[in-house]
Amino acid sequence: MAGATSSQAAPGAAAAEYGGAGAGSADVPPGTPAPVTDRMSLHQAHPVDGRSLRTVCGMFVTGVTVITSGDADHAEGTTVNSFTSVSLDPPLVLFCLHNESRLRAVVEGSRKFVVNFLQGQQEGLARAFAGKGTAEIRDVAHHPSVTGVPVLSDALAFLSCRLVDAFDGGDHTIFVGQVVELGVPRQHQEPLVFFRGWLGALEEELRGVHPIIDG
Ligand SMILES: Cc1cc2nc3c(=O)[nH]c(=O)nc-3n(C[C@H](O)[C@H](O)[C@H](O)COP(=O)(O)O)c2cc1C
């Protein structure tokens, strides 16, 4: 993987699908095989299959978060890369969560969550919160945000949110939160990135690129 030190995510860690999808053409009959040409190693039009969608969406590089929710008595966390910022005024963000995720009932019940941006050295944590036998918040260094939802203390940055909306997104639910607290406890650390099914830290040379501050 160019530009990152990396290792492949565990089998079954379905994540590449969380980046959105392009529309297909309605003119192509169902069942038409995906054409493969010299210029395109993968090309598919309607209908697209989930595996191909994951492959293509996996080429959109993202950061990696652990979404925490609940409170001191019962908190849960799940690894998520479908985070995006939505609005500055009011301050809104969203993430997409599989409808069968354990975290769903906790977010809907507590109506609050924290987005923890992982740093490059936290690949193990990303994996630990991505399995069905997921990690326990109590085993990870954490402290309460203003809402009482645990913040992972070694995260690069965090956003503490109150749930303001939830939308049907097929087999996922789109949760929109209003940011009520934020922080950057580890600002000099590299982020953890996800690309083509690989988790890794950015390499040093990417620091030289001019940052986009506005817009
Ligand atoms: C890098 C990465 C990104 C992921 N992103 C998402 C996501 O955006 N939404 C989601 O529902 N699951 C995502 N997953 C999968 C969940 O972490 C995993 O399926 C889940 O933790 C297992 O189910 P649970 O939520 O009930 O624990 C991702 C996994 C990995 C490794």
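1. Thr62 is a buried residue, because 21 other C-beta atoms lie within 10 Å of its own, and a residue counts as buried from 20 such atoms upward. Thr62 belongs to strand S2, which spans residues 62-63. The C-alpha atom of Thr62 is separated by 8.8 Å from that of Phe83, although the two residues are 21 positions apart along the chain. The model under discussion is a predicted one.

2. As to the chain overall, there are three helices and 13 strands. The chain has 215 residues, and 32% of them count as buried. Among contacts with a separation of 6 or more, 66% are made by residues 24 or more positions apart.

3. Seven of the strands form an open sheet in the order S4-S3-S7-S10-S11-S6-S5, and their pairing is antiparallel. At the edges stand strand S4 (75-80) and strand S5 (84-87), each of which pairs on one side only. On average, neighbouring strands of this sheet are turned by 35° against each other, direction ignored. As general background, strands of a sheet pair through backbone hydrogen bonds, in either a parallel or an antiparallel manner.

4. The edge formed by S5 merits a separate remark. Strand S5 runs antiparallel to strand S6 (residues 92-98), and three bridges join the two. Within this pairing, Thr84 stands opposite Leu94 in S6, while Ser85 has Val93 of S6 as its bridge partner. The connection from S5 to S6 is a hairpin through four residues. The loop between S5 and S6 is also the place of Pro90, and the peptide bond leading from Asp89 to Pro90 is cis, with omega near 5°.

5. Helix H2 (residues 103-110) packs on the sheet. The strands that H2 touches are strand S3 (65-70), S4, S6, strand S7 (112-117), strand S10 (157-169) and strand S11 (172-183). The direction of H2 makes about 55° with that of S3.

6. Which residues of H2 are buried? They are Leu103, Val106 and Val107. These residues lie on the same side of H2, because they cover an arc of only 95° around the axis. The cover over the buried residues of H2 includes S3, S4, S6, S7, S10 and S11. On the face turned away from the buried side of H2, Ala105 and Gly109 are exposed.

7. Arg111 follows just after H2 and takes a positive phi of about 55°. Its place is in the loop between H2 and S7. Arg111 counts as partly exposed because it has 15 C-beta neighbours inside 10 Å. In general, most residues other than glycine have a negative phi, and most peptide bonds are trans.

8. Arg196 likewise has a positive phi, near 50°, in a residue other than glycine. This residue is found in the loop between strand S12 (192-195) and strand S13 (198-202). Is Arg196 buried or partly exposed? Arg196 counts as partly exposed, because 14 C-beta neighbours lie inside 10 Å.

9. A further cis peptide bond joins His46 and Pro47, where omega is about 5°. Pro47 is found in the loop between strand S1 (4-8) and helix H1 (50-57).

10. The largest nonpolar core has 37 residues. Those touching the most other members are Phe95, Val115, Leu118, Ala126, Ala155 and Phe158. Leu118 touches Val64, Thr65, Val66, Leu125, Ala126, Ala155, Leu156 and Leu192, not counting residues up to four places away in sequence. In soluble globular proteins, nonpolar side chains tend to be buried together.

Notes:
Residues numbered from 1 in each chain as written. Predicted model: local features only at pLDDT ≥ 70, side-chain atom pairs only at ≥ 80, totals over all residues. Pairing = 2+ DSSP bridges. Axes fitted to C-alpha atoms, helices over the stretch in contact; angles between N-to-C directions. Contact = placed C-beta atoms within 7 Å. Buried ≥ 20, exposed ≤ 12 C-beta atoms within 10 Å, placed from the backbone. Arc of directions from axis to C-beta. Core = buried A, V, L, I, M, F, W, Y, C linked by C-beta atoms within 7 Å.
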